[in-house]
Amino acid sequence: MWLKLCFLLLYFLLLFVLARVFEAVVWYETGFFATQLVDPVALSFRKLRTILECRGLGHSGLPEKKDVRELVEKSGDLMEGELYSALKEEEASESVSSTNFSGEMHFYELVEDTKDGIWLVQVIANDRSPLVGKVHWEKMVKKVSRFGIRTGTFNCSSDPRYCRRRGWLKSTLIMSVPQTSTSKGKVMLKEYSGRKIEVEHIFKWITAHAASRIKTIYNSEHLREEWNKSDQYRVKIYLFANLDQPPAFFSALSVKFTGRVEFIFVNVENWDNKSYMAEIGVYKTPSYILRTPEGIYRYGNNTGEFISLRAMDSFLRSLQPEVNDLFVLSLVLVNLMAWMDLFITQGATIKRFVVLISTLGTYNSLLIISWLPVLGFLQLPYLDSFYEYSLKLFRYSNTTTLASWVRADWMFYSSHPALFLSTYLGHGLLIDYFEKKRRRHNNTDEVNANNLEWLSSLWDWYTSYLFHPIASFQHFPFDSDWDEDPDLFLERLAFPDLWLHPLIPTDYIKNLPIWRFKCLGGHPDEELLEASQDSESDSESENREVSSSEREGSEDDEPNTFHGPSAGERRCRAQPCSCASQYCPSEPSEGKAARSYGSYSAAGDAEPDWVAWPPEMLHCTECVVCLENFQHGCLLMGLPCGHVFHQNCIVMWLAGGRHCCPVCRWASYKKKQPYTHPQPLAHDSPS
């Protein structure tokens, strides 16, 4: 994760450097920067009109270029970057979509329940033609959409009862504007009552209603009172201009940032005394002044701070973000970081995409889970001070020159998505090249693996996980019994209720006690060694029957060793000692000595060496699985319940899926209170 985060930060650094390179190239070719001011006198009438349309100022009654130029100058300084963006937006002939409402609930959900936006809806009455024709409506939609105003069409034929209840008996235009200045307040619907059905007149009606929500100041006394007033708004933005009403982008932003930022329009058209403006630091008009608890900030002096909706929206979002803005930003960053796995992962193509899908799901799930407690904490009342300090930090950091560069780069790359994607792909290919070069010396098989090889390894892993789903918590390597004997796999599949049986791992078998059966006064070690050498021919078949616990044990051959033997130890085929019992009781009878639980023949029979047995094991001399007596030197294994069997027999029993004792049915993987053998009396003698 940290590697991907480093690569993502490196990518952002490359984007920052690339943007500076583009600026240098533009300066070399044209001789100006994006922040350089443009003289409106040198612009054509078409360019001036384009600037006014982007700012949202009407120019239908201004036929001369001089009047249009003066209106541009009154609305704010013009930069080269704003002029380029406005011309590019005009040349782009993209069709803007408009919503078609299906009924009352659809209309209520999108229009009346939306508290932070403006809607323009054309209502078409039953058996009537629309108020605005198709061509003019398309122009209207394109004109208002650049200010964040959403549009739609409601045909009363889809819900005539709702139209009658609303009083929409003829085709009309409806505008939805938030009624109050608080966030998530009530919505007010206004109907167009003008006679002229033209785009410019309708647009003036929209901007007039939107501007009515902005507080307007007409004299210096009112300005002094408002400037020194402290209310709920921590951030206020003032527009000092000689205009009849604020531009449309300013009014649209006031709706979008309802409850977060207060927008105030100061009309200085008829002011005689502007001394108080000089006292608060406003020396020219028009000026966009941002007032925060930390001080005054003049918007338009840094990189990317254009007089447009998109630029000011990005600026205000960085100063006064919502929780949703932070969530969207974290979602974008997390997914960009997750996509780095497509280039970091080496090997088959299918492997890359499988890892990518897994990473995307994991990262997004963790992001959503981590945001849930954050949202809960933000609702607590005693965290208001923490929230205020966080916003103060945002305001301090985002009013710097570096932050203005970052915002300018964000607007540039978001308006050129092909460039953003191509640079991300190029950065990923470079990462892939260096990762492949680094891993080639370490793991050639991983780098050169094809799709079929990787799918085969994936299937092997999946089957291993399927039959051993519970990981062992013990510190020893895991060797599967399925790999050693495929017949166990076929035997397991033979059960029709395979998925009804709980799959219990066989790891515990490795920890069961193992020792050798010895008889007192039995055959000497030379005879035992000779018998072991005679049984060398059967070693391969015997080794396949021994579980993995035998192969991983110690090679110690002492009689009192209670852990698994090494691979070199075989099952003993020595001559049997004649100490076979007639029965092997599961529980010793009270009062009997625990030295043996069987009867022995008196003539020449050797007694078993019980000292070599683990103290918690019951004494017996017969295996109830194969019904054969224990032989001198044979491997024995005990279960937690205390019963003892041939090691070979009990492993085959447990590996077959019967995880219980053959005698008492106690679970072979569960611990049991160990049995303590009673101490023999001093006068007791072996029979």
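Colleague: How many aromatic pairs does a search of the whole structure find?

Modeller: The model discussed here is predicted. Ring centres must lie within 6.5 Å to count as a pair. A search of the whole structure on that basis gives a total of 34 aromatic pairs.

Colleague: How are the ring planes of Tyr 11 and Phe 12 arranged: stacked, edge-to-face or tilted?

Modeller: The two ring centres are 6.0 Å apart, and the planes of Tyr 11 and Phe 12 make an angle of 40°. Planes under 30 degrees apart count as stacked and those over 60 as edge-to-face. The arrangement of Tyr 11 and Phe 12 is therefore classed as tilted.

Colleague: Which residue of that pair is buried, Tyr 11 or Phe 12?

Modeller: Buried means under 20% relative accessible area. Phe 12 has 31% and is therefore partly exposed. With a value of 1%, the buried residue is Tyr 11.

Colleague: How many residues apart in the chain are Phe 16 and Trp 405?

Modeller: Phe 16 and Trp 405 form a tilted aromatic pair, with 6.0 Å between centres and 50° between planes. Phe 16 belongs to helix 1, whereas Trp 405 belongs to helix 17 (residues 401-415). The pair thus links distant parts of the chain, with a separation of 389 residues.

Colleague: Are Phe 16 and Trp 405 buried, partly exposed or exposed?

Modeller: The partly exposed class lies between 20% and 50% relative accessible area. Phe 16 has 24% relative accessibility, so it falls in that class. Trp 405 has 31% and is likewise partly exposed.

Colleague: Which residues make the nonpolar surface patch that includes Leu 10?

Modeller: Leu 10 lies in helix 1 (residues 2-30). Patch residues need over 30% relative accessible area, and Leu 10, at 39%, counts as partly exposed. The patch covers about 550 Å² and is made by Leu 10, Leu 13, Leu 14, Val 17, Val 21, Phe 22 and Val 25.

Colleague: Why is helix 10 described as largely enclosed by the rest of the structure?

Modeller: Helix 10 spans residues 248-256. Its buried residues are Ala 248, Phe 249, Phe 250, Ser 251, Ala 252, Leu 253, Ser 254 and Val 255. The description applies because the buried residues number 8 of the 9.

Colleague: Which residues do ring pairs link into a cluster with Phe 249 and Phe 250?

Modeller: Phe 249 and Phe 250 are among the buried residues of helix 10. Ring pairs join these two to Phe 263, Tyr 288, Tyr 297, Tyr 299 and Phe 315.

Colleague: Which residues does Ser 176 touch, leaving aside those up to four places away in sequence?

Modeller: Ser 176 is part of strand 4 (residues 172-178). Its relative accessible area is 1%, so Ser 176 is buried. Beyond its sequence neighbours, Ser 176 touches Val 111, Gly 117, Ile 118, Trp 119, Val 187, Met 188 and Leu 189.

Colleague: What percentage of residues 410-431 is helix?

Modeller: An unreviewed UniProt entry annotates residues 326-344, 353-378 and 410-431 as "transmembrane region". In the model, residues 353-378 are 100% helix, with end C-alpha atoms 37 Å apart. For residues 410-431, the end C-alpha atoms are 23 Å apart, strand content is 0%, and helix content is 95%.

Colleague: What share of the protein chain counts as buried?

Modeller: The secondary structure of the chain comprises 26 helices and 15 strands. The chain exposes about 38,000 Å², of which carbon and sulfur atoms supply 57%. Of its 687 residues, the share that counts as buried is 43%.

Definitions and conventions
Residues numbered from 1 in each chain as written. Predicted model: local features only at pLDDT ≥ 70, side-chain atom pairs only at ≥ 80, totals over all residues. Heavy atoms only, no water. Helix = DSSP H or I, 4+ residues; strand = E, 2+ residues; numbered from the N terminus. Buried < 20%, exposed > 50% of the residue type's maximum accessible area, 1.4 Å probe, protein only. Contact = heavy atoms within 4.5 Å. UniProt positions renumbered as here; feature names shortened; annotations may be inferred. Patch = residues over 30% accessible without salt bridge, like charges linked within 9 Å, V, L, I, M, F, W, Y side chains within 5 Å. Areas by Shrake-Rupley, 256 points an atom, 1.4 Å probe, with all protein chains shown as cover. Salt bridge = Lys/Arg side-chain N within 4 Å of Asp/Glu carboxyl O.
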